Amino acid sequence: MRILMINGPNLNLLGLREPDIYGTQRLQDLEELITTHGEKLGVSIKCLQSNHEGELVDWIQMAFDKYDAILINPAAYTHTSIAILDALKAVGLPAVEIHLSDINTREEFRKWSYPSLYCEKTIAGKGFQGYIEGLEYLVEKYSK
């Protein structure tokens, strides 16, 4: 199984950005954790991060016919990007939405998620463990 993990804006600053909300571990730590866990599950994982909406859309579109599922943290684009939602719908791959913090207990504007209209599952507020949970969900449900 091949999974594409996409992280959105400002996640490149993990460990520096609001550590009281997002923790002190870095994006590199997350990518190592997920790829190592994926190897244990027999899954190949490609990790990508961008601060640019169009690049995230391009990667989702590129996933068609190359990957079996998408693990995505659209970050701030969660609340604004119909383009990301449309790309997910267009490629039709199973997808899980992940958020490090619990977006439902934060500012009011963070409670709305466009990708959740497509994603099979949204996991929020579990930090890095949420990515593991999302990965395991996809593998259990779609592994061939």
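Is C47 buried or exposed? At 18% relative accessibility, C47 falls into the buried class, because the limit for that class is under 20%. The legends below take this predicted model view by view.

**View 1. The whole protein chain, with its five helices and five strands.** Follow the chain along the sequence and you will meet the pattern β-α-α-β-α-β-α-β-β-α. The radius of gyration is 14 Å, close to the 15 Å that the globule rule gives for 144 residues, so the protein chain is as compact as a globular protein of that length. If you are setting up a box around the C-alpha trace, its principal axes span about 40 × 30 × 25 Å.

**View 2. Surface and interior of the protein chain.** How much of the protein chain counts as buried? Of its 144 residues, 46% do. The accessible surface comes to about 7000 Å², and carbon and sulfur atoms account for 49% of that area. For those who like contact maps, take the contacts between residues at least 6 apart in sequence: 77% of them join residues at least 24 apart.

**View 3. C47 and C119, two cysteines without a disulfide.** Why is there no bond from C47 to another cysteine? The closest cysteine sulfur to that of C47 sits in C119, 17 Å away, which is too far for a bond. A disulfide would need the two sulfur atoms within 2.5 Å. Seen from the other end, the sulfur of C119 has its closest cysteine sulfur in C47, again at 17 Å and too far for a bond. A search of the whole structure accordingly lists zero disulfides. As for their surroundings, C119 is buried with a relative accessible area of 8%, and C47 is buried too, at 18%.

**View 4. W112 and Y114, an aromatic pair.** How many aromatic pairs does the count give? The count comes to one. Its partners are W112 and Y114, arranged edge-to-face. To describe such a pair, one gives the distance of the ring centres and the angle of the planes. Here the centres of W112 and Y114 are 5.5 Å apart, with 90° between the planes. The angle makes this pair edge-to-face because that class takes planes over 60 degrees apart.

**View 5. Exposure of W112 and Y114.** Are these two aromatic residues in the buried class or the partly exposed one? W112 is partly exposed, with a relative accessible area of 42%. Y114 is also partly exposed, at 21%; that value puts Y114 outside the buried class because buried means under 20%.

Key:
Residues numbered from 1 in each chain as written. Predicted model: local features only at pLDDT ≥ 70, side-chain atom pairs only at ≥ 80, totals over all residues. Heavy atoms only, no water. Buried < 20%, exposed > 50% of the residue type's maximum accessible area, 1.4 Å probe, protein only. Phe/Tyr/Trp six-rings, centres within 6.5 Å; stacked < 30°, edge-to-face > 60°. Helix = DSSP H or I, 4+ residues; strand = E, 2+ residues; numbered from the N terminus. Rg over C-alpha atoms; globule rule 2.2 N^0.38 Å. Contact = heavy atoms within 4.5 Å. Areas by Shrake-Rupley, 256 points an atom, 1.4 Å probe, with all protein chains shown as cover.
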